[in-house]
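Hi,

Here is the structure I said I'd pass on. Have a look at it first, and my notes follow underneath.

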Amino acid sequence: MAFVDLETTGGTARTDRIIEVAIVVVDDDGEHVWQSLVNPGQRIPQAITALTGIDDAMVADAPTFADLAGEIASRLQGHIFVAHNARFDFGFLKNEFGRLGADFRATVLCTVRLSRRLFPHYARHGLDALIERHRLQVSDRHRALGDAQAIAQFWRLLPRHVDPPVLREAFDALTAVSSLPASLDADLPARLPTGPGVYLFFGENDLPIYIGKAVNLRQRVLNHFSSDHSSQKEMRLSQEVRRVEWRECAGELGALLEEARLVKAMAPVHNRLLRRQEKSFAWRLDDDLFGGRLTLVDLSEPMRAELGPGGPIYYGPYQTRRDAQAAARTLADRDGLCLAHLGLEKVSPGRPCFSHQVRRCRGACVGLESAAAHHARVDETFATHRLKPWPFAGAAVIEEGAGLHVIHHWDFLGSAGTLDECLALLEGRAVRFDRDVYRLLNAAGGAWLAKARPLVGDGAALAVNSAAPPAGRAASGVGSDAVSDVASGVDCGVDHGVDTNAGKIAAIPVRATAAVAPAAAVTGGTRLADSVAGRHETSAFADTEMPAA
Ligand SMILES: [Zn+2]
């Protein structure tokens with residue numbers, strides 16, 4: 001075993017440097033002590049000098065880390081790396097070796113975690129607490145060798161207090177999860193499920209600092225801590241995390257939906273990429289005397305029935321009014337549309353719009369183009385921006401594994417296990433357009449949307465539904481007859497043959513008319529689907545990594 005302690009210019013492995021290193025190797029031959037000051041190549045802050053007694057003059061002629069790297073590597077080679085709050089020392093060495101192009105690895109044992117595991121009835125496990133509690137003899141506290149020898153002593157006296165099997169078990173468990181931040185419970189890996197879900201990292205207070213989704217929760221969460229501190233964000237997260245919570249989900253879609261919902265609701269500080277504003281805007285194409293006027297609407301207002309089938313045409317969504325306006329002007333300018341006719345510019349009737357004066361507008365404002373021709377061109381120009389209508393009259397459900405995800409007019413209401421629970425999710429809920437849900441369901445050619453089926457229950461329970469199902473077309477009963485393929489031949493994406501799901505599936509009446517079938521509702525064509533999928537890759541639902549600085 002190699003007991004290691006470092007003194008450094010500060011607490012950040014990426015930017016601070018090592019000023020002293022001590023390694024106490026304990027093996028069959030006894031104890032081998034080695035230490036050296038290190039020239040950090042930067043000033044030592046006064047606070048560090050006050051704490052350690054090491055100042056700039058002392059390290060001026062000391063070797064650099066590059067000079068010592070070979071010596072350090074050979075001394076640590078083949079030993080368990082033991083340190084007090086080992087992530088700190090290990091992280092610094094990892095970074096110093098990394099600057100030299102070398103990859104430093106070791107099996108790590110943290111004595112903070114070891115103390116906490118063996119003596120859980122004590123609150124404090126800092127080095128001072130250990131020194132006091134176990135009466136360790138320390139020659140030089142806050143110097144690298146003094147501290148390294150203190151933890152070596154701590155290790156040596158453990159067999160006096162702890163049964164060998166207990167010590168062995170603690171050792172095995174801690175070296176197995178050596179990279180876990182010391183602030184987290186050692187049994188976290190064992191408790192984490194291996195299925196899909198959403199995880200929340202909490203710092204000192206009650207709001208999460210980071211929320212992520214995973215196909216395998218255990219793997220993903222531990223992956224955050226197994227990194228080599230090469231990402232500053234990951235390192236900060238490891239330092240700040242105090243508690244991890246998770247919610248299991250039925251599958252990948254459920255995890256994605258839940259992640260987006262929680263991030264919006266809780267706005268964790270480290271989720272910058274996903275921390276969208278809740279607002280969404282779209283242009284509504286209105287038909288008027290001038291032929292094709294655009295009206296900016298706030299989609300985040302509570303449910304708009306006109307987002308459904310047969311409603312007006314919308315273009316969007318855009319995150320801000322400014323984005324919407326910029327997109328519209330760019331397209332209008334490109335194709336010579338009239339800003340006055342579009343309603344983007346106020347001009348007295350018969351007067352040329354600004355765009356016409358600079359010869360972009362083809363002149364609908366001054367009679368050079370008919371209103372009808374202009375209108376036709378508006379829809380053509382904006383076609384790729386067309387917002388897909390919500391393909392159902394009311395809420396829909398997407399089955400995934402054992403879960404049912406309830407979506408209503410591009411709003412995720414929650415996941416449930418039974419039809420009754422799905423219906424309960426609808427009660428009293430104001431429905432708002434959610435850009436993340438819209439993108440997610442339309443991504444990859446609308447693969448998820450294709451699995452959605454209308455959730456139609458008795459009218460009373462579905463007060464939110466804006467439109468009643470057409471008479472005679474709805475399967476209103478509950479039972480196996482309710483699931484039918486209907487003459488239209490629409491594939492509802494349900495495997496009726498699976499026994500374990502049969503009861504649940506049968507309980508969801510399906511109204512599969514051509515008018516509401518997802519396949520028939522794809523109005524934007526593949527170009528929109530592709531562009532949505534493209535954005536999807538690079539934005540909200542890219543695999544959950546820490547956002548770049
Ligand atoms: Zn004009």
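Right after helix α6, Arg-135 adopts a positive phi of about 50°. Bear in mind while you look at that angle that this is a predicted model. The helix itself, residues 127–134, is mostly covered, with 6 of its 8 residues buried. Those are Leu-127, Ala-129, Leu-130, Ile-131, Arg-133 and His-134, so you'll find an arginine and a histidine on the list along with the leucines. What sits over them? Among the elements covering the buried residues of α6 are α5 (111–118) and α7 (144–161).

Next, the zinc ion. Its protein donors are the SG atoms of Cys-338, Cys-353, Cys-361 and Cys-365, at 2.3 to 2.4 Å. The angles among the 4 donor atoms run from 106 to 115°, and the site is tetrahedral. For reference, the ideal angle for four tetrahedral donors is 109.5 degrees. Along the sequence, the donor residues follow the spacing C-x14-C-x7-C-x3-C. Cys-353 belongs to the loop between α14 (339–342) and α15 (354–357), while Cys-365 belongs to the loop between α15 and α16 (371–382), so this pair ties together parts 12 residues apart in sequence. Cys-353 and Cys-365 are both buried.

The other place I spent time on is strand β13 (residues 403–408). Why call it largely enclosed by the rest of the structure? Because 6 of its 6 residues are buried. Both of its faces are covered: Gly-403, His-405 and Ile-407 are buried on one side, and Leu-404, Val-406 and His-408 on the other.

β13 also has antiparallel partners. Strand β12 (residues 395–400) is joined to β13 by 6 bridges, and strand β14 (residues 411–416) by 5. Val-406 is a handy residue to follow here: its bridge partner is Val-397 in β12, and in β14 it is Gly-414. β12 and β13 make a hairpin with 2 residues between them, where Gly-401 in the turn has a positive phi of about 55°. β13 and β14 make a hairpin with 2 residues between them as well, and there His-409 in the turn has a positive phi of about 45°.

Finally, some overall numbers. The protein has 21 helices and 15 strands, and 50% of its 549 residues count as buried. Of the contacts between residues at least 6 apart in sequence, 65% join residues at least 24 apart. The exposed area is about 25,000 Å², with carbon and sulfur atoms supplying 50% of it.

Cheers

Definitions and conventions:
Residues numbered from 1 in each chain as written. Predicted model: local features only at pLDDT ≥ 70, side-chain atom pairs only at ≥ 80, totals over all residues. Heavy atoms only, no water. Buried < 20%, exposed > 50% of the residue type's maximum accessible area, 1.4 Å probe, protein only. Helix = DSSP H or I, 4+ residues; strand = E, 2+ residues; numbered from the N terminus. Contact = heavy atoms within 4.5 Å. Areas by Shrake-Rupley, 256 points an atom, 1.4 Å probe, with all protein chains shown as cover. Donors = N, O, S within 2.8 Å, 3.2 Å for Na, K, Ca; no water. Tetrahedral: all angles 85-135°; square planar, octahedral: opposite > 155°, others 65-115°. Pairing = 2+ DSSP bridges.
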